[in-house]
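Take a look at the structure below. The report starts with one residue, then turns to the chain around it and to a helix in another chain.

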Amino acid sequence: MPQVWYDRRYRAVLWQILAVAGAVLLSWFLLGNLFDNLARRGIASGFGFLDSTAGFGITMSLIPYSEASSYGRAFMVGLLNTLLVSALGILCATVLGFGIGIARLSGNWLVARLATIYIETLRNIPLLLQIFFWYFAALNALPSPRRSYEFAGGVFLNVRGLYVPAPALESGLGWLVAGALAGLVAAIFYLRSAKGRLAGGAAIFIGVTGLVALAGGFSLSWEFPALRGFNFRGGGVLIPELVALLLALSLYTAAFIAEVVRAGIEAVPHGQIEAAASLGLSRRRILRDIVIPQAMRVIIPPLTNQYLNLTKNSSLAAAIAYPDLISVFAGTVLNQTGQAVEVIAITMAVYLFISLVIALLMNLYNRRVMGKGSA
Amino acid sequence: MIRWMRANLFSSPLNAALTLAALGLLYAALPPLIDWAVIDADWRGETRRDCTGGGACWVFIRARFGQFIYGFYPAVERWRVDAAFVVLIAAMAPLFLPGVRRKGWVGVGLVLLFPWVAVGFFAGGVFSLAEIETGKWGGLMLTLIVAGVGITASLPVGILLALGRQSSMPVIRALCVAFIELWRGVPLITVLFMAAVMLPLFLPDGMTLDKLLRALIGVSLFAGAYMAEVVRGGLQAVPLGQIEAAQALGLGYWRIMVSVVLPQALRIVIPGIVNVFVALFKDTTLVLIIGLFDFLGIIKAALTNPEWLGFSVEGYVFAALVFWMFCFSMSRYSARLERRLGGARRV
């Protein structure tokens, strides 16, 4: 063996060259196989298929879509549906999770026990099973449209979905957007000032938005769902797939968020609370000014992680045919075009992009919070 | 008793109201549930006509039980599955017995040898055992196979990736970071789709991989990436002085890692490792989406049988109970370890 072999630095360089060569050889081998196989099976390659006509319908879409639309349009529909269910799920899971997490720490024995049972049950059952339960067992047992459950405010629930009143725009959408922008700017200015509080910021945002929109002549009417014939017309409808998926995702993730919240609150040293109490602060103020700010610092990173998990878990929609990105794009589009490589690559890239963006935001936030007043 | 109730249930008006609300909730939910699941339920019988009580029809579970456990595995050959699991338990026993030395080597030997035994038993084709293709495997057996393979494969994959990520060589580090973040950034479903429809395109002509094997590869790599992040936490927790001391003794990289760093690092993150196992166990259900009949998949399939339509609640409740028992016992175990290890470190 030459002397060089025993030099750590040369060996490191050698290993790295070997690793790169191995990676290159492997991808060359795999790609070679891929092109052979594609040529043999007569599968087209490239992203041209995104412009051709899709020719299939989608049960729910937030943007205009018909069978004559392109595959690219179908992709957008799926992506928006994924984002919709993720956003709604994050909202519900957060509210529920914070409630249950606080309940678990409650001094009330019964309430704390119930919260523990909820957490230990829900998080130890596979999410897919829960989705099936809500979709095939629970929602299927709902009555037909004629015998719908009716809730206050024109909300109806039946086996075809959840019917809610929908806002119908009369005029002045531009003013609403302008108002929202102005409100956002005002709120940001307020929040950046020394006295900025989140609740105050939200109030300013809503107030400014409302004032500008009303001054500009923005008006809105509500369209209520009504039974016509065998089904409801008018208003908005949440299809049963969406309701089941949303229920399962929120209830499941809430159990994890509750644990995150509990750990965060428990991480605040008890001496802090005692010190605040001995200063004569009320319980409310202790919670608002001492516990929550410190707990949030611990809570935010794992909470973001749960949001990310929820977004990725929303892909289980494919199992009950909620038209999300996976079911529309990696399911129907893939089967119709056969272009597995392109379709899966795009799908993975979308999720990867979402993950990286959220991770980036989390790191930024972390840096800010850690920099501010940490010991 | 009364003092306890005053302190824990009725300490303030708000608490009293909460207690009453919780009691009301329990009163509204529990009696109908017990009626349905136990009192009005039917336990004995063969067909759905035996379900007359108006409650849960557990006859359905009973009639299909064999299929739920073994899938479409031929009934006369089911002893082979049992035998393989008995062998596994017998071989694992030394790991849990006190006083057995060199448990690490027993474990490594088990991981290297048992898969061959299991494949021999399950697939057959050797020792005059009839061949049974993987398409017939299913039920709880398949769930345990996927989980078991995922768990055993993810650990070495995860350790190697974590070591690579902590390596001082920039190229190795970059490759490992890219691999880990790629797998962690995408949902398991896309990985399984990739294994099911995309992987065959990357293989040379004439070479085919079994669908189950492809799913196993996907699951293992996916779990390996998550494992890598857990192990990395442990590696970072080992004091640098340990490595420097080992270097001063003249040990090489692998000796340092295997004898000094990893034993300490893995011990710290055992709870995290078990958590990955629990998550993996729950995620095995996703293989039903690419057409494998795991425990949940076979129950879902049985529910569409015209003879047993309308018993989905029973089916899913049973599945939930089984999954819950596995996952809950694992997470309890992890919590116990966490307490024990945490206590030991504080001393």
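## One residue and its surroundings

In this predicted model, A:V298 counts as partly exposed because it has 18 C-beta neighbours inside 10 Å. A residue needs 20 or more to be buried, and 12 or fewer to be exposed.

Where does A:V298 lie in chain A? It lies in helix α9, which covers residues 283-313. Leaving out residues up to four places away in sequence, A:V298 touches A:A263, A:G264 and A:A267. A:P64 is another matter. A:V298 and A:P64 are 234 residues apart in sequence, and their C-alpha atoms are 42 Å apart in space.

## Chain A as a whole

Chain A holds 11 helices and eight strands. Its C-alpha trace spans about 75 × 70 × 50 Å along the principal axes. The table sets out some values for the chain.

| Property of chain A | Value |
|---|---|
| Radius of gyration | 26 Å |
| Radius of gyration for a compact globule of 375 residues | near 21 Å |
| Buried share of the 375 residues | 31% |
| Share of contacts with a separation of 6 or more that join residues 24 or more positions apart | 65% |

## A helix in chain B

Now turn to helix α11 of chain B, residues 253-268. How many ångströms should its 16 residues span? At 1.5 Å a residue, the span should be 22 Å. The end C-alpha atoms are 21 Å apart, so the two values agree. This helix also has a kink of about 50 degrees at B:V261. The kink comes shortly before the proline B:P263.

Key. Residues numbered from 1 in each chain as written. Chains lettered and ligands numbered in written order. Predicted model: local features only at pLDDT ≥ 70, side-chain atom pairs only at ≥ 80, totals over all residues. Helix = DSSP H or I, 4+ residues; strand = E, 2+ residues; numbered from the N terminus. Rg over C-alpha atoms; globule rule 2.2 N^0.38 Å. Contact = placed C-beta atoms within 7 Å. Expected span 1.5 Å × (residues − 1). Bend = angle between axes of the 7 residues up to and from the residue.
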